[in-house]
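Biologist: I should like to learn how a protein model is read, feature by feature. May we work through one together?

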Amino acid sequence: MVPDAVNLSSVRRALVVKLRHHGDVLLSSPVFQVLRNRMPHAEIDALVYQDTRDLLEDHPAVTRIHAIDRVAWKRAGPATQVRRELALLRELQGRRYQLVIHLTNQWRNAWLAQALRPRWSVAPQRDKLLWKWSFSHQYKLPRGGKPRHNVETNLDALRRIG
């Protein structure tokens with residue numbers, strides 16, 4: 001048992017963030033199913049890149065998919081990219097997530113956690129002060145030694161919150 005476990009019965013909306021490539025997003029799908037099994041009452045959303053959206057489109061545990069179209073947004077120019085990023089942020093803020101699960105250690109996750117202000121947020125561990133301040137929970141990524149499958153690493157985020 002984790003001493004600072006999240007009270008999953010109080011979570012009404014959760015967001016899982018996996019901003020990576022096709023295989024990585026596909027390997028994140030067990031996270032959604034485990035969350036659905038533990039929180040059948042909650043809405044579970046995903047934030048992924050647009051080109052990986054189809055991988056989760058028909059997943060029975062996913063309520064809503066938010067996507068970042070990084071190629072089209074960049075091609076449209078900086079002003080349009082900023083407008084689209086802000087529109088996505090407003091959309092995410094409107095969902096009022098109580099739990100945000102970050103499955104990558106990108107700096108965008110720290111910014112997102114600060115902007116969304118969920119009650120609980122979990123991300124891979126980093127030794128930077130801003131990173132530590134941004135998340136209520138952190139989990140260790142495997143380093144050296146015995147490698148772990150990506151599915152297990154993704155599920156470590158859920159293990160960390162109990």
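Modeller: The dialogue that follows takes up the sheet, the helices, the cores, the aromatic rings and some loop residues. Please keep in mind that this is a predicted model.

Biologist: Let us begin with the sheet. In what order do the strands lie, and is the pairing parallel or antiparallel?

Modeller: As a general idea, the strands of a sheet pair through backbone hydrogen bonds, either parallel or antiparallel. Here six strands form an open sheet in the order 3-2-1-4-5-6, and the pairing is parallel. Strand 3 (64-68) and strand 6 are the edge strands, since each of them pairs on one side only. On average, neighbouring strands of this sheet are turned by 15° against each other, with direction ignored.

Biologist: Over how many bridges do strand 2 and strand 3 pair?

Modeller: Strand 2 and strand 3 pair over five bridges, in the parallel sense. One residue to find is Tyr 49, whose bridge partner in strand 3 is Ile 68. The ring of Tyr 49 also has a charged neighbour: Arg 70 lies over its face, at 3.8 Å from the ring centre.

Biologist: Which strands does helix 4 lie across, and which does helix 5 lie across?

Modeller: Helix 4 (residues 78-95) lies across strand 1, strand 2 and strand 3, and runs at about 155° to strand 3. Helix 5 lies across strand 1, strand 2, strand 3, strand 4 and strand 5, with an angle of about 175° to strand 4.

Biologist: I now turn to the interior. Which residues of the largest nonpolar core touch the most other members?

Modeller: The general idea is that in soluble globular proteins, nonpolar side chains tend to be buried together. In this model the largest nonpolar core has 29 residues, and those touching the most other members are Val 16, Phe 32, Leu 35, Met 39, Leu 99 and Ile 101. Two or more residues come from each of strand 1 (13-17), helix 2 (29-38), strand 2 (43-49), strand 4 (99-102), strand 5 (120-124) and helix 7 (150-160). Helix 7 gives the most to this core, with four residues. Apart from this core lies another, of 14 residues, which includes Leu 15, Leu 47, Leu 89 and Tyr 97.

Biologist: With which residues is Val 16 in contact, leaving aside its neighbours within four places in sequence?

Modeller: With those neighbours left aside, the contacts of Val 16 include Val 31, Phe 32 and Leu 35, as well as Ile 44, Ala 46 and Ile 101.

Biologist: Which residues of helix 7 are buried, and against what do they pack?

Modeller: The buried residues of helix 7 are Val 151, Thr 153, Asn 154, Leu 155, Asp 156, Ala 157 and Leu 158. They pack against helix 2, strand 4, strand 5 and strand 6 (137-139). Just after helix 7, Gly 162 takes a positive phi of about 95°.

Biologist: How many aromatic pairs are there?

Modeller: The count comes to two aromatic pairs. The rings of Trp 107 and Trp 131 have centres 5.3 Å apart and planes at 85°, so this pair is edge-to-face. The pair links distant parts of the chain, with Trp 107 in helix 5 (residues 107-116) and Trp 131 in helix 6 (residues 129-134), 24 residues apart. The other pair, Trp 131 and Phe 135, is tilted, at 4.8 Å centre to centre and 55° between the planes. Trp 107, Trp 131 and Phe 135 thus make up one aromatic cluster.

Biologist: Are these three rings buried or exposed?

Modeller: Trp 131 counts as buried because its relative accessibility is 0%. Phe 135 is buried as well, at 6%. Trp 107 has 38% and therefore counts as partly exposed. In addition, Arg 126 lies over the face of Trp 131, at 5.0 Å from the ring centre.

Biologist: Finally, which residue in the loop between helix 4 and strand 4 has a positive phi, although it is not a glycine?

Modeller: That residue is Arg 96, in the loop between helix 4 and strand 4, with a phi of about 50°. Arg 96 counts as exposed because its relative accessibility is 66%. Arg 117, in the loop between helix 5 and strand 5, also has a positive phi, near 50°. Its relative accessibility is 58%, so Arg 117 counts as exposed.

Terms used: Residues are numbered from 1 along each chain as its sequence is written. This is a predicted model: local features need pLDDT of at least 70, side-chain atom pairs count only at pLDDT 80 or more; totals for chains, interfaces and linings use all residues. Side-chain values use heavy atoms; hydrogens and water are left out. A nonpolar core is a set of buried Ala, Val, Leu, Ile, Met, Phe, Trp, Tyr and Cys residues joined through side-chain atoms within 4.5 Å. Buried means under 20% relative accessible area, exposed over 50%, partly exposed in between (1.4 Å probe, protein chains only). Contact means heavy atoms within 4.5 Å. Rings of Phe, Tyr and Trp (its six-membered ring) pair if their centres lie within 6.5 Å; planes under 30 degrees apart count as stacked, over 60 as edge-to-face and the rest as tilted. A charge sits over a ring if NZ of Lys or CZ of Arg is within 6 Å of the ring centre and within 35 degrees of the ring normal. Two strands pair if DSSP finds at least two bridges between them. Axes are lines fitted to C-alpha atoms, for helices over the stretch in contact, and angles run from 0 to 180 degrees between N-to-C directions.
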